[in-house]
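Please examine the sequence and the three-dimensional structure shown below. The paragraphs after it are intended to be read with both in view.

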Amino acid sequence: MTDKGIDIAPATGKLGILLVGLGAVSTTFVAGVEAIKRGLAKPVGSLTQMGTIRLGKRTDKRSPKIKDFVPLASLEDIVFGAWDIFKDNAFDAAMKAGVLEKDLLNQVSEQLASLKPMAAVFEQNYVKRLHGENTKSGQNKMELAEQLIEDIAKFKSDNGCDRLVVVWAASTEVYLEESEVHSSIEAFEKGLYDSDPAIAPSMIYAYAAIKSGVPFANGAPNLTVDIPALTKLAEANGVPICGKDFKTGQTLMKTILAPGLKSRMLGLDGWYSTNILGNRYCEELDDPENFKTKEESKLSVLETILQPEAHPDLYKDFSHVVRINYYPPRGDNKEGWDNIDIFGWLGYKMQIKIDFLCRDSILAAPLALDLALFMDLAKRAGMKGVQEWLSFYFKAPQTAPGLYPEHDLFIQLKKLKNTLRHMKGEELITHLGREYYDE
Ligand SMILES: NC(=O)c1ccc[n+]([C@@H]2O[C@H](COP(=O)([O-])OP(=O)(O)OC[C@H]3O[C@@H](n4cnc5c(N)ncnc54)[C@H](O)[C@@H]3O)[C@@H](O)[C@H]2O)c1
C-alpha cells in the first residue's frame, strides 16, 4: 500500500474464465460477451462495463467509468472454458437452455460451438435429478481434485492465458452442514483421500482452483468454499474467494425494498414470496434436499436487513415464506409474486404486491462477468481470502467467521465502490458533505 493506493499488477495478456456448469447462466454469459464484443448488444446490468464511480467532491465532477478507473481485463482478452456433465458444446447448450433467441445465438455460433466442456467431477447423491455421462472417475476424491488441477494447468497453457478465474454456475447441490472434515486444511485433505461424503463436488473444484492459485466465485447457494478448510487454504495460498448464490430476481427486489421500509421505520407483519419457473435448475430444486440449500440462502436476507432485535415494535415475529414452484411452460422466464403486509403510523395496515416477470439468466449473466473481472482484479491487487466487498452480487454473502453479512444492496454498493477507491488511494466517500456549506 502506498499513498497512491495498492500496487495492482496490470491486466496484460489473456484472462481465462473457467465455468463449472455450462447451463442457462453460463451460456447466457458467454454468448452475451461474444455478442457485446461484436457490437450486437450492450452489457446492460454489468457494473464493471457500464457503472461509474464518483471521486472527490461533487463539485470536482470526476466520475469515470469503473473500467477506466481500475485496471480490469477487457472483454477482448477473455477466453472461456467449462466443465459439464453433458457433452453439449456451448451453442447446443444455449439452444437447449432457450434463454437467448436463435437469431442472436446464430451470430456467435462459431465461438459458442468451439467451447466444449471438460469432463466433470460429479456424483448424483449431490444433485438427485441429474444424470450425465461426461464425468471423471478416480480412486478417491483427492484423485479427482488432481485431475481438475491438471485441467486447469492444461487450459492455461493451451490457451496462452496469463491468469484464470473459476466461477461455479453448476446445479445447486443438496444441503450440507459444516462438519469436522471442513474444519481444517488437514482434515479436508484427509477427507479427500477417504472420499468423505461431506465433501461435495463443488468443494473439490474449489480446492483444485485454490491449489492452482486461481480465484473462485460461487454463484450457487452450496456451502462449497464457505468452510474454514478452504477459507484458510485461500488465505495461505494468496487466493481471493467469494460466494454464495447470485443475487437475482426476488431476492434482489427484497434487498432493494426492505432497506427502504426500514429507513422509514415502517413495520412488517409478513412477506410471502412465491415463484413459478421451469428451467432446469428449478427442476432440481423440486427435490426437497436441493431446495433446502436455496431456501436457507433466501430466508436470512430480511432478518439481517430489518434487525428485529433492535426494532421489536416493527419487525418482531414477522412471517417470511418463500416458495419455488417448478412449472415447465415458463422456462427461464420466471414470475415472482410478493405479498408484503406492512404497517405505518399508529399501526395502520397496508399491503404491497409485486409481480416481477423476470428472466433469471438475463439477471445472472452480468453478475458472473463482474465477479470474474473483479476477482481477477483482487488477485492482481494481492487480496486474498473472503472478498466481502463483493457481497453486492450474492444472496448469502460470505463473511469472516462470526460476522453477520451485509444484505442491504445500497450498503453493499458503497462498500464495493469504497474498496475500489481504497485500492487506488482515492478518498473514501462518507456522504457527510459539510465542506459544501463551510465558509
Ligand atoms: N439463474 C439465476 O438467476 C440464478 C440465480 C442465483 C443462483 N443461480 C445458480 O446458478 C446455478 C446455475 O443455474 P442455471 O440456471 O444455469 O442452471 P442449469 O441447470 O441450466 O445449468 C447448470 C449446469 O451445471 C451442470 N452441472 C451440474 N453439476 C455439475 C458438476 N458437478 N460439474 C460440472 N457441471 C455440473 C449441469 O449439467 C448443467 O448443465 C444454479 O446452482 C443456480 O442455483 C442461478
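The following paragraphs treat the two sheets, the helices beside them, the ligand site, the cysteines and one loop residue.

This is a predicted model, in which local features need pLDDT of at least 70, side-chain atom pairs count only at pLDDT 80 or more, and totals for chains, interfaces and linings use all residues. Residues are numbered from 1 along each chain as its sequence is written, and side-chain values use heavy atoms, with hydrogens and water left out.

Helices (H or I, at least four residues) and strands (E, at least two) are DSSP runs, numbered from the N terminus. Two strands are said to pair if DSSP finds at least two bridges between them. Strands of a sheet pair through backbone hydrogen bonds, either parallel or antiparallel.

One sheet is open and has 7 strands in the order β3-β2-β1-β4-β5-β6-β11, with parallel pairing. Its edge strands are β3 (118-119) and β11, each of which pairs on one side only. Within this sheet, strand β4 (residues 161-168) and strand β5 (residues 216-218) run parallel and are joined by 3 bridges; V166 has F216 in β5 as its bridge partner. Helix α1 (residues 24-37) packs on the sheet and touches β1 (14-20) and β2 (78-84), its direction making about 160° with that of β2. Helix α7 (residues 141-158) also packs on the sheet, where it touches β1, β2, β3 and β4, and its direction makes about 135° with that of β4. For these angles, axes are lines fitted to C-alpha atoms, for helices over the stretch in contact, and angles run from 0 to 180 degrees between N-to-C directions. Contact means heavy atoms within 4.5 Å.

A second element of the architecture is an open sheet of 4 strands in the order β8-β7-β9-β10, with mixed pairing. Strands β8 (319-326) and β10 (349-359) stand at the edges with a single partner strand each, so one side of each has no neighbour in the sheet. On average, neighbouring strands of this sheet are turned by 10° against each other, direction ignored.

Strand β9 deserves a separate description. Of its 11 residues, 8 are buried, so β9 is largely enclosed by the rest of the structure; buried means under 20% relative accessible area, exposed over 50%, and partly exposed in between (1.4 Å probe, protein chains only). On one flank, β7 and β9 run antiparallel and are joined by 9 bridges, and Y272 has N339 in β9 as its bridge partner. Strand β9 (residues 333-343) also pairs with β10 in the antiparallel sense, over 11 bridges. In β10, I352 is the bridge partner of I340, and C358 is that of K334. The two strands β9 and β10 form a hairpin with 5 residues between them, and L346 in the turn has a positive phi of about 65°. Helix α15 (residues 360-380) lies across β7 (267-277), β9 and β10, running at about 80° to β10.

Helix α10 (residues 228-236) has A229, L230, T231, L233 and A234 as its buried residues. These buried residues pack against α8 (185-193), α9 (201-211), β6 (240-242) and β11 (385-386). Just after α10, G238 takes a positive phi of about 65°.

The next topic is the ligand. There are 32 residues around the ligand, and V25, D84, A170, T172 and R280 come nearest; a residue is counted here if one of its heavy atoms lies within 4 Å of the molecule. An N or O atom in the side chain of D84 is 2.7 Å from an oxygen atom of the ligand. The side chain of T172 likewise has an N or O atom 2.7 Å from a ligand oxygen atom. In the side chain of Y205, an N or O atom is 2.9 Å from a nitrogen atom of the ligand.

How many disulfides does the structure hold? The number is 0, a disulfide being a pair of cysteine sulfur atoms within 2.5 Å. C161 is in no disulfide, and the nearest cysteine sulfur, that of C242, is 19 Å away. For C242, the closest cysteine sulfur is that of C161, and the 19 Å between them is too far for a bond. C161 is buried, with a relative accessible area of 9%, and C242 is buried at 1% relative accessibility.

Finally, S391 lies in the loop between β11 and α16 (409-423). S391 is buried, with a relative accessible area of 2%. Leaving aside its neighbours within four places in sequence, S391 is in contact with P397, E406 and Q412.

How values were computed
A polar contact is a pair of N or O atoms within 3.5 Å; within protein, one must be able to donate a hydrogen and the other to accept it, and residues adjacent in sequence count only if both atoms are side-chain atoms.
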